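Reader: I'd like a close look at one helix and what surrounds it. Could you start with the whole chain and then zoom in?

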Amino acid sequence: KMDPSSSSRARRRVHSLSEQLIPSSMTSSARRRQHFQDVRARESQMPPPSSSSLTTSSEARISTTHAIIERNDALFWKNKEKFTVAVLGAAGGIGQTLSLLLKQSPRIKALRLYDIAPITPGVAVDLSHINTESEVTGYAGPDQLRDALVGCDLVIIPAGIPRKPGMTRDDLFKINAGIVRDLTVGVAKYCPNAILNIISNPVN
């Protein structure tokens with residue numbers, strides 16, 4: 001069983017990373033800050049719950065958890081730091097959709113799209129028309145992998161082939177593992193401190 005403090009830290013880290021990079025389409029940073037202030041005001045007016053009530057009431061536990069998550073969410077959004085993100089495999093179906101979402105994030109200052117497909121710079125040009133602060137650059141081919149990775153804070157790898165009829169998951173793994181291997185060697189060489197997120201099939 002996970003220690004409660006470890007569980008809380010893990011939840012805060014996962015929540016903060018996702019919210020930092022993928023913004024809510026319904027909530028602005030200003031509204032988040034205001035919500036944080038509202039949560040603090042409500043907390044100051046409420047008496048501290050007893051330990052017995054928290055252990056016996058699921059509603060109280062859920063309410064407390066939501067308040068903690070909302071407060072941490074607002075605190076993280078007060079941080080003005082922005083990040084450089086690379087998507088390796090950006091010309092594929094998942095890569096293009098993911099890049100579209102990332103381009104909308106106010107927490108990204110530079111978005112680098114890489115793929116072996118020659119259309120990758122064109123994908124970057126299309127996304128650059130979205131009116132957000134991040135600068136989008138496209139890179140195509142192994143010769144440009146270094147330029148795509150240097151200085152990155154986060155590298156996401158959706159690169160790989162889809163599963164075809166008659167192909168087992170083992171067959172798929174053998175092919176995509178080689179693709180991911182070559183890309184991660186580049187990550188280790190050009191941006192060793194970056195967070196690496198592998199979502200290629202069959203890892204998902």
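Author: Sure. Starting with the surface, this predicted model has an accessible area of about 12400 Å², and carbon and sulfur atoms hold 56% of that. Of the chain's 204 residues, 33% count as buried. Count up the secondary structure and you get 8 helices and 5 strands, laid out along the sequence as α-α-α-α-β-α-β-α-β-α-β-α-β. As for contacts with a separation of 6 or more, 75% of them come from residues 24 or more positions apart.

Now let's zoom in on helix H6, which covers residues 120-128. Which of its residues are buried? They are Thr120, Val123, Ala124 and Leu127. Looking down the axis of H6, these buried residues fall within an arc of 100 degrees, so they line one face of the helix. The spacing fits the usual geometry: an α-helix has 3.6 residues a turn, so residues three or four places apart point the same way.

And what do the buried residues of H6 pack against? Their partners are helix H5 (93-103) plus two strands, E2 (108-115) and E3 (135-140).

Let's stay with the helix partner. H5 and H6 pack at about 35 degrees, their axes 10 Å apart, and the crossing is right-handed. On the H5 side, the contact is made by Gln96, Ser99, Leu100 and Lys103, while H6 brings Val123, Leu127 and Ser128. Sorted by character, the residues of this contact come out as 3 nonpolar, 3 polar and 1 charged. Val123 and Leu127 are thus on both lists: buried in H6 and part of the contact with H5.

Terms used
Residues numbered from 1 in each chain as written. Predicted model: local features only at pLDDT ≥ 70, side-chain atom pairs only at ≥ 80, totals over all residues. Heavy atoms only, no water. Buried < 20%, exposed > 50% of the residue type's maximum accessible area, 1.4 Å probe, protein only. Helix = DSSP H or I, 4+ residues; strand = E, 2+ residues; numbered from the N terminus. Arc of directions from axis to C-beta. Contact = heavy atoms within 4.5 Å. Axes fitted to C-alpha atoms, helices over the stretch in contact; angles between N-to-C directions. Left-handed = near helix turned anticlockwise from the far one by under 90°. Nonpolar A, V, L, I, M, F, W, Y, C, P; charged D, E, K, R; others polar. Areas by Shrake-Rupley, 256 points an atom, 1.4 Å probe, with all protein chains shown as cover.
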